[in-house]
Amino acid sequence: MAYIDKNLEFSDAQAITATAISTNVYDTLSVAEGGGSTGISGGGVTTDLGQSGDSAYLVVIATSAAAGGDSAKTLTITLESDSTANLATSATVHFSTTAILGSAITAGARLATIELPHGLYERYIGLRYTVSASFTSFTVDAYITLEPAGVYRAYPGNFTVV
């Protein structure tokens with residue numbers, strides 16, 4: 001069973017209809033010495049995510065399916081960092097999926113599962129969901145985890161464990 005740290009969760013059943021950034025954007029200064037970013041100015045601060053030696057994985061899973069009429073539309077997911085929380089200043093793209101057809105967006109489908117690319121990330125890290133045309137709606141979960149990508153398996157919600 002995967003444990004998801006709420007602080008490392010970008011999207012929790014986030015509805016995607018148009019191009020948008022993830023509901024949550026991770027502030028790398030929140031892990032600064034002393035447990036907070038008090039007294040630290042943003043500016044050109046960067047964080048090397050590869051320095052700990054532990055692998056971290058980005059997982060993006062569809063929690064509901066795209067509507068049938070959306071089957072030819074596409075979704076591209078990018079992992080970005082920026083000096084601003086809205087990822088609008090001059091975001092650096094660290095990873096991008098290929099265009100994912102709406103017909104491939106089914107409940108429980110893994111849209112992306114990758115080891116986080118090592119390198120320098122700007123202060124804020126988030127995802128951008130770019131659509132080729134407006135979708136009726138589907139939902140996604142997205143988060144960073146330390147568990148190997150092959151071990152975790154997502155299942156659609158609303159089930160009973162006996």
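Select Leu87 first: at 2% relative accessibility, this residue counts as buried. Leu87 sits in the loop between β6 and β7, the latter covering 92–96. Its backbone deserves a look as well, since Leu87 is not a glycine and yet has a positive phi of about 55°. Most residues other than glycine have a negative phi. Keep in mind throughout that this is a predicted model.

**Whole chain**

Zoom out and colour by secondary structure. The protein has 12 strands and 0 helices. Read from the N terminus on, the elements run β-β-β-β-β-β-β-β-β-β-β-β. Switch to a surface representation: the accessible surface comes to about 8,500 Å², and 54% of that belongs to carbon and sulfur atoms. Of the 162 residues, 38% count as buried. If you draw a contact map, consider the contacts with a separation of 6 or more: residues 24 or more positions apart account for 79% of them.

Now colour by pLDDT. The mean for the protein is 83, and 75% of the residues reach 70 or more. Then select residues 33–42. Over this stretch pLDDT stays under 50, and the model has 10 contacts for it beyond four places in sequence.

**Strand β11 and its partners**

Select residues 124–131, which form strand β11. Is this strand enclosed or open to the outside? Of its 8 residues, 6 are buried, so β11 is largely enclosed by the rest of the structure.

Add the strands that pair with β11, one at a time:

- Strand β2, residues 20–21, pairs with β11 in the antiparallel sense over 2 bridges. Pick Ile21 here; its bridge partner in β11 is Arg128.
- Strand β3, residues 26–27, is joined to β11 by 2 bridges, and the two run antiparallel. Pick Tyr26, whose bridge partner in β11 is Ile125.
- Strand β6, residues 74–82, is joined to β11 by 8 bridges, again antiparallel. Pick Ser81, which stands opposite Ile125 in β11.

Leave Ile125 selected for a moment. This residue of β11 is the bridge partner of Tyr26, and Ser81 stands opposite it. Strand β6 also leads back to the start of the tour, because the loop between β6 and β7 is where Leu87 is found, and Leu87 is buried at 2% relative accessibility.

**From β11 to β12**

Follow the chain out of β11. Ser137 lies in the loop between β11 and β12. What is the phi of Ser137? Its phi is near 160°, a positive value in a residue other than glycine. Ser137 is partly exposed, with a relative accessible area of 30%.

Show the side chains of Phe135 and Phe138 next. Both Phe135 and Phe138 are buried. The count of aromatic pairs in the model comes to 1. The ring centres of Phe135 and Phe138 are 5.1 Å apart and the planes are at 75°, so the pair is edge-to-face; the cut-off for that class is a plane angle over 60 degrees.

**The open sheet**

Select β1, β12, β5 and β9. These 4 strands form an open sheet in the order β1-β12-β5-β9, with antiparallel pairing. The edge strands are β1 and β9, the latter at 110–115, and each pairs on one side only. From one strand to the next, the twist averages 10°.

Zoom in on β1 and its neighbour. Strand β12 covers residues 138–145, and 5 bridges join β1 to it in an antiparallel arrangement. To see one of the bridges, pick Ser11: its partner in β12 is Ala142.

**Last stop: Asp12**

Asp12 is in strand β1, which covers residues 9–16. Is Asp12 buried or partly exposed? Asp12 has a relative accessible area of 45%, so it is partly exposed; the buried class ends under 20% and the exposed class begins over 50%.

Which residues does Asp12 touch, not counting residues up to four places away in sequence? They are Lys6, Val140 and Asp141. Val140 and Asp141 fall within the range given for β12, residues 138–145. Finally, put a distance monitor between the C-alpha atoms of Asp12 and Thr23. The two residues are 11 apart in sequence, and the C-alpha to C-alpha distance is 7.9 Å.

Key. Residues are numbered from 1 along each chain as its sequence is written. This is a predicted model: local features need pLDDT of at least 70, side-chain atom pairs count only at pLDDT 80 or more; totals for chains, interfaces and linings use all residues. Side-chain values use heavy atoms; hydrogens and water are left out. Buried means under 20% relative accessible area, exposed over 50%, partly exposed in between (1.4 Å probe, protein chains only). Contact means heavy atoms within 4.5 Å. Rings of Phe, Tyr and Trp (its six-membered ring) pair if their centres lie within 6.5 Å; planes under 30 degrees apart count as stacked, over 60 as edge-to-face and the rest as tilted. pLDDT is the predictor's confidence in each residue, from 0 to 100. Two strands pair if DSSP finds at least two bridges between them. Axes are lines fitted to C-alpha atoms, for helices over the stretch in contact, and angles run from 0 to 180 degrees between N-to-C directions. Accessible areas come from the Shrake-Rupley method with a 1.4 Å probe; for residues, only the protein chains shown count as cover.
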